[in-house]
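Hi,

Here is the structure I promised to pass on. Have a look at it first, and then read my notes underneath.

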Amino acid sequence: MKATILTRFILGCILSAWLLCGLPSAQAFALLGPYASWMTTNLFYNVWDGKVGGPMVLGEEYRWNVPIVTYGFDKSFLDYFGQPGVDAVEAAIQTINDLPPASSIALTNYPLNTTGYNREAGAQRFFDLKSATLPMLLQQFGLTSPSANVWALRRWDSNICLFILFVDSNGMGFIPEGMFDFLGPYYVDQRNFDPITLQASRYVNETPYTYLITTLPDCTAGYIQSLKVDPLAPSDTAVCDNGVLLNYGGGLFYTGLTADDVGGLLYLHNRTNINVETLDASIFPDNHTTNNLLRTAPRPGVEKITFVQHTTNFSGDFLTMTNQFTDAYFTNNAQVTQAVQRVTSQPDFLFSAKDIGFVTYNDGANPGISLRFCQPPDTSGWINNSGLNGNLGGDGPGVIRPQVRITFPTPAKYIAAAGGAINGPAYLW
């Protein structure tokens with residue numbers, strides 16, 4: 001109780017100061033990549049089951065460098081969910097496909113909050129399958145939760161406990177933002193970026209955040225927690241925040257992407273974002289060209305990624321599939337193109353269903369488990385191209401490689417229609 005009162009007092013003071021200053025509203029996105037070497041367990045990275053990577057800075061992003069990716073469903077998914085499940089996932093995919101090219105995106109066309117609540121579904125603990133899929137797609141496009149990653153704790157030493165403002169009954173210490181700044185650089189780093197200015201931002205869909213650093217009683221470790229400055233402001237508004245699955249009671253759904261979600265894709269895929277990248281081994285010269293394929297070169301963002309369903313035979317087995325596209329790259333300070341084809345025998349995104357057990361979590365004070373509602377793939381297959389980009393030993397930039405397998409648990413209960421009726425065939429058991 002004391003910690004709660006203290007937190008409200010601190011946030012209230014910060015909010016009052018900010019309102020007096022008249023700071024402008026803003027937005028932000030956060031980038032996902034494989035865990036960096038400094039993202040250690042004593043900073044509480046890679047300790048929450050279900051987390052697949054850490055927040056990256058601009059210039060160390062990971063993205064796809066092909067404009068067409070395929071998707072499919074394995075037998076376990078089809079047996080468990082049937083056609084309603086296919087329709088729900090394809091509705092999430094269509095949300096991505098409906099986006100314009102990155103350079104044509106106007107963020108004012110997208111709302112700041114797309115989260116709704118179905119009371120009847122919540123009362124019966126149903127989860128919307130479309131809305132559970134959408135943040136997983138964004139994650140595997142290289143985005144992560146902006147609300148959870150406004151700041152990153154970069155380093156730790158036991159002397160930090162000298163600056164603890166308050167200790168609760170469990171011996172956990174708390175250090176608010178203003179009390180921590182004078183310790184010097186490299187302790188706390190901002191990892192949220194405004195999609196227009198590309199400056200570090202403390203806002204997510206116009207909700208301002210501050211932070212608290214929580215220390216373990218023995219001072220051996222700590223973690224940083226983003227907190228809304230205004231307790232009444234909307235929270236976890238970005239689809240990338242995955243609030244639909246963080247709300248274990250069910251009932252939440254998304255009506256689409258928010259401005260911050262689209263802003264992250266705008267940055268990743270924009271043709272002005274140029275990184276040295278290597279084409280995957282599945283890419284070959286087009287059959288109608290005799291030119292040699294240039295695999296490694298500076299490449300702009302692909303502007304737009306489109307999902308297409310991977311072809312199957314009458315038994316549902318995946319067939320070899322060829323997709324043709326134009327690859328753009330730079331040579332001698334000029335952009336040129338080459339006609340290529342990509343040949344794959346498995347879908348880039350594969351959806352399945354099985355019993356995947358429980359999530360374990362440990363915030364230092366309240367370890368526990370809960371039902372796991374989705375199993376995303378990790379980032380171990382992503383390719384770090386830091387050396388190619390003059391950032392030797394850096395954490396990126398890099399390229400995302402398939403296969404992405406997204407698994408939904410068979411014990412959970414899902415509904416196909418976001419915000420719609422939950423009777424009859426809309427149920428997904």
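**The bent helix**

Let's start with helix 2, which covers residues 75-97: it has 23 residues, yet its end C-alpha atoms are only 25 Å apart, while a straight helix would reach 33 Å at 1.5 Å a residue. Keep in mind that this is a predicted model. Where does helix 2 have its kink? Look at Phe81, where there is a kink of about 105°, shortly before the proline Pro84. Phe81 is also one of the buried residues of helix 2, and others include Phe77, Gly85, Val86, Ala88 and Val89.

**The chain as a whole**

Zooming out, the protein chain has seven helices and 29 strands. Of its 429 residues, 53% are buried. If you take the contacts with a separation of 6 or more, 75% of them are between residues 24 or more positions apart.

Now try helix 4, residues 129-139. Is it largely enclosed or not, and why? Its residues are buried, 11 of the 11, so helix 4 is largely enclosed by the rest of the structure. That goes for Lys130 and Gln139 as well as for Leu134 and Met136, to name some of them.

**Aromatic rings**

Searching the whole structure turns up 17 aromatic pairs. In one of them, Phe73 and Phe77 have ring centres 4.9 Å apart and planes at 35°, so this pair is tilted. Both Phe73 and Phe77 are buried. Another pair, Phe141 with Phe307, is stacked, with 5.7 Å from centre to centre and 5° between the planes. Phe141 sits in the loop between helix 4 and strand 7, and Phe307 in strand 19, so the pair ties together parts that are 166 residues apart in sequence. Phe141 and Phe307 are buried too.

These four also belong to one aromatic cluster, together with Trp64, Tyr71, Tyr80, Phe81, Phe349, Phe351 and Phe408.

Rings meet charged side chains as well. Arg154 lies over the face of Trp38, 4.0 Å from the ring centre, and Arg155 lies over the face of Tyr187, at 4.4 Å from the ring centre.

**The nonpolar cores**

In soluble globular proteins, nonpolar side chains tend to be buried together. Here the largest nonpolar core has 79 residues, and the members that touch the most others are Trp64, Phe77, Leu137, Phe307, Phe349, Phe351 and Phe408. Helix 2 gives the largest share of this core, eight residues. Another core lies apart from it and has nine residues, including Phe44, Phe166, Met172 and Phe174.

Phe349 is a good one to click on. Leaving out residues up to four places away in sequence, Phe349 touches Trp64, Leu137, Phe141 and Phe307, among others.

**One last residue**

Finally, find Pro298, which is in strand 18, residues 296-299. Is Pro298 buried, exposed or partly exposed? Its relative accessible area is 30%, and buried would need under 20% and exposed over 50%, so Pro298 is partly exposed. Apart from neighbours within four places in sequence, Pro298 is in contact with Ile274, Asn275, Val276, Tyr329 and Phe330. Its C-alpha is 8.8 Å from that of Thr278, although the two are 20 residues apart in sequence.

Happy exploring!

Definitions and conventions. Residues numbered from 1 in each chain as written. Predicted model: local features only at pLDDT ≥ 70, side-chain atom pairs only at ≥ 80, totals over all residues. Heavy atoms only, no water. Buried < 20%, exposed > 50% of the residue type's maximum accessible area, 1.4 Å probe, protein only. Helix = DSSP H or I, 4+ residues; strand = E, 2+ residues; numbered from the N terminus. Expected span 1.5 Å × (residues − 1). Bend = angle between axes of the 7 residues up to and from the residue. Phe/Tyr/Trp six-rings, centres within 6.5 Å; stacked < 30°, edge-to-face > 60°. Lys NZ or Arg CZ within 6 Å of the ring centre and 35° of its normal. Contact = heavy atoms within 4.5 Å. Core = buried A, V, L, I, M, F, W, Y, C linked by side-chain atoms within 4.5 Å.
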